[in-house]
Amino acid sequence: MSAIDTFTIQAETDAEETPVMPQHESLRQCVERALEQYFQTLDGQPANDLYQLVLSEVEAPLLEAVLSYTRNNQSKSAEMLGLNRGTLRKKLKQYDLL
């Protein structure tokens, strides 16, 4: 089982067992906590492409949330994200959101 599979399985298991996060926890703290849990589940296995894993885990829900907030207006979403519309569309295709 690869490190990515381990992270996915652990994340699904944790979602059922962990209590709701306190509302005062920052995004940074959430990421730090998730990475600590990820490293614990590795159990000595090497981690590969960790940077890409974290980016994809954060970027896809970010794009979904901003699109939802702007009612799927790509121009407004791109402006909110500080991206040009072409880059946003490329990222939406990358995550099968378009």
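Q: Among contacts in the chain between residues at least 6 apart in sequence, what percentage join residues at least 24 apart?
A: In this predicted model, the figure is 47%. A pair counts here when heavy atoms lie within 4.5 Å.

Q: What makes up the chain, in helices and strands?
A: The chain has 5 helices and 0 strands. From the N terminus on, the order is α-α-α-α-α.

Q: Why are α3 and α5 called roughly perpendicular to each other?
A: Helix α3 (residues 50-69) and helix α5 (residues 85-94) pack at an angle of about 115°, with their axes 10 Å apart. The range for roughly perpendicular is 65 to 115 degrees, and α3 and α5 are therefore given that name. The crossing of α3 past α5 is left-handed.

Q: Which residues make the contact between α3 and α5?
A: On the α3 side they are Gln52, Glu59, Leu63 and Leu67. On the α5 side they are Leu88, Lys91, Leu92 and Gln94. Sorted by class, this contact of α3 with α5 holds 4 nonpolar, 2 polar and 2 charged residues.

Q: Why are α2 and α3 called oblique to each other?
A: The axes of helix α2 (residues 27-42) and α3 cross at roughly 135° and come within 13 Å. Oblique covers what is left after under 35, over 145 and 65 to 115 degrees are taken out, so α2 and α3 are oblique. Their crossing is right-handed.

Q: What makes up the contact of α2 with α3, by residue and by class?
A: From α2 come Leu35, Tyr38 and Phe39, and these meet Leu50, Leu53 and Val54 in α3. The contact of α2 with α3 divides into 6 nonpolar, no polar and no charged residues. Tyr counts as nonpolar in this scheme.

Q: How do you know that the span of α3 agrees with its number of residues?
A: The expected span is 1.5 Å times one less than the number of residues. For the 20 residues of α3 that gives 28 Å, and the end C-alpha atoms are 29 Å apart, which agrees.

Q: Which residues of α3 are called buried?
A: Buried means under 20% relative accessible area. In α3, Leu53, Glu59, Ala60, Leu63, Val66 and Leu67 are buried. Among them, Glu59, Leu63 and Leu67 take part in the contact with α5, while Leu53 meets α2. Across the 98 residues of the chain, buried residues make up 23%.

Q: What phi does arginine 71 take, just after α3?
A: Arginine 71 has a positive phi of about 55°.

Methods: Residues numbered from 1 in each chain as written. Predicted model: local features only at pLDDT ≥ 70, side-chain atom pairs only at ≥ 80, totals over all residues. Heavy atoms only, no water. Axes fitted to C-alpha atoms, helices over the stretch in contact; angles between N-to-C directions. Helix = DSSP H or I, 4+ residues; strand = E, 2+ residues; numbered from the N terminus. Left-handed = near helix turned anticlockwise from the far one by under 90°. Buried < 20%, exposed > 50% of the residue type's maximum accessible area, 1.4 Å probe, protein only.
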